[in-house]
Amino acid sequence: MPNEDALRFLGLLNRGGKCLIGEPILHNMRKGNALVIAETDSKTALRVKEKGERVGCLILEGVSKEELGEAIGFLSASAILVKDGKASRALAKKWETRKGDL
């Protein structure tokens, strides 16, 4: 489960044009990109996750669709691709860090 800092950082990345949402995710995955996936209860989210694993994306999970959407200014979102490698690594680091670990 990510902390609030990770979700805020994801929102900043989206506003900075570093994120893709929706159909473009499938066509723009590259090794080293971060793929943030909400609950994988849908076929689409599962398909996105499988492709992300095949190409070598950093897979970040543990958030609901509503939390993920709220972080980027939508009602809900199933998946978000961070297309910048350096930003992806920074997000992954924040995603794994708990408040007590800071």
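Visitor: Let's start with one side chain. Which residues does Val82 touch, leaving out those up to four places away in sequence?

Guide: This is a predicted model, so read every contact as a computed one. Val82 reaches Leu10, Leu13, Lys18, Cys19, Asn33, Ala34, Ala87, Ser88 and Leu91 once residues up to four places away are set aside.

Visitor: Where does Val82 fit in the nonpolar core?

Guide: Val82 belongs to the largest nonpolar core, a set of 20 residues. Along with Leu10, Val36, Leu68, Leu91 and Trp95, Val82 touches the most other members. As for who contributes, helix H1 (4-15), E2, E3, H4, E4 and H5 each bring at least two residues to this core. There is also a second core, separate from that one, with 11 residues, including Leu26, Met29, Ile37 and Leu81.

Visitor: Now the sheet. In what order do the four strands come?

Guide: Read across the open sheet and you get E1-E4-E2-E3, with mixed pairing. Strands E1 (19-21) and E3 (58-63) are at the edges; each has a single partner strand, so one side of each has no neighbour in the sheet. On average, neighbouring strands here are turned by 20 degrees against each other, ignoring direction.

Visitor: How many bridges join E2 to E3, and how do the two strands run?

Guide: Strand E2 (residues 34-38) and E3 run parallel, joined by four bridges. To find one of them, go to Ala34: its bridge partner in E3 is Leu58.

Visitor: Which strands do helices H4 and H5 lie across?

Guide: Take them in turn. H4 (residues 65-72) lies across E1, E2, E3 and strand E4 (79-82), and runs at about 130 degrees to E2. H5 (residues 85-96) lies across E2, E3 and E4, at about 35 degrees to E3.

Visitor: What about the rings? How many aromatic pairs does the structure hold?

Guide: Zero. A ring can still have a charge over it, though: the charged end of Lys94 sits over the ring of Phe9, 5.3 Å from the ring centre.

Visitor: One last residue. Where is Asp5 placed, and why does Asp5 count as partly exposed?

Guide: Asp5 is in helix H1. The label follows from relative accessibility: Asp5 comes out at 32%, so it counts as partly exposed, since that class lies between under 20% for buried and over 50% for exposed. Sequence distance and spatial distance are worth reading side by side here. Asp5 and Thr97 are 92 residues apart in sequence, while their C-alpha atoms are 9.4 Å apart in space.

Terms used. Residues numbered from 1 in each chain as written. Predicted model: local features only at pLDDT ≥ 70, side-chain atom pairs only at ≥ 80, totals over all residues. Heavy atoms only, no water. Pairing = 2+ DSSP bridges. Axes fitted to C-alpha atoms, helices over the stretch in contact; angles between N-to-C directions. Contact = heavy atoms within 4.5 Å. Phe/Tyr/Trp six-rings, centres within 6.5 Å; stacked < 30°, edge-to-face > 60°. Lys NZ or Arg CZ within 6 Å of the ring centre and 35° of its normal. Core = buried A, V, L, I, M, F, W, Y, C linked by side-chain atoms within 4.5 Å. Buried < 20%, exposed > 50% of the residue type's maximum accessible area, 1.4 Å probe, protein only.
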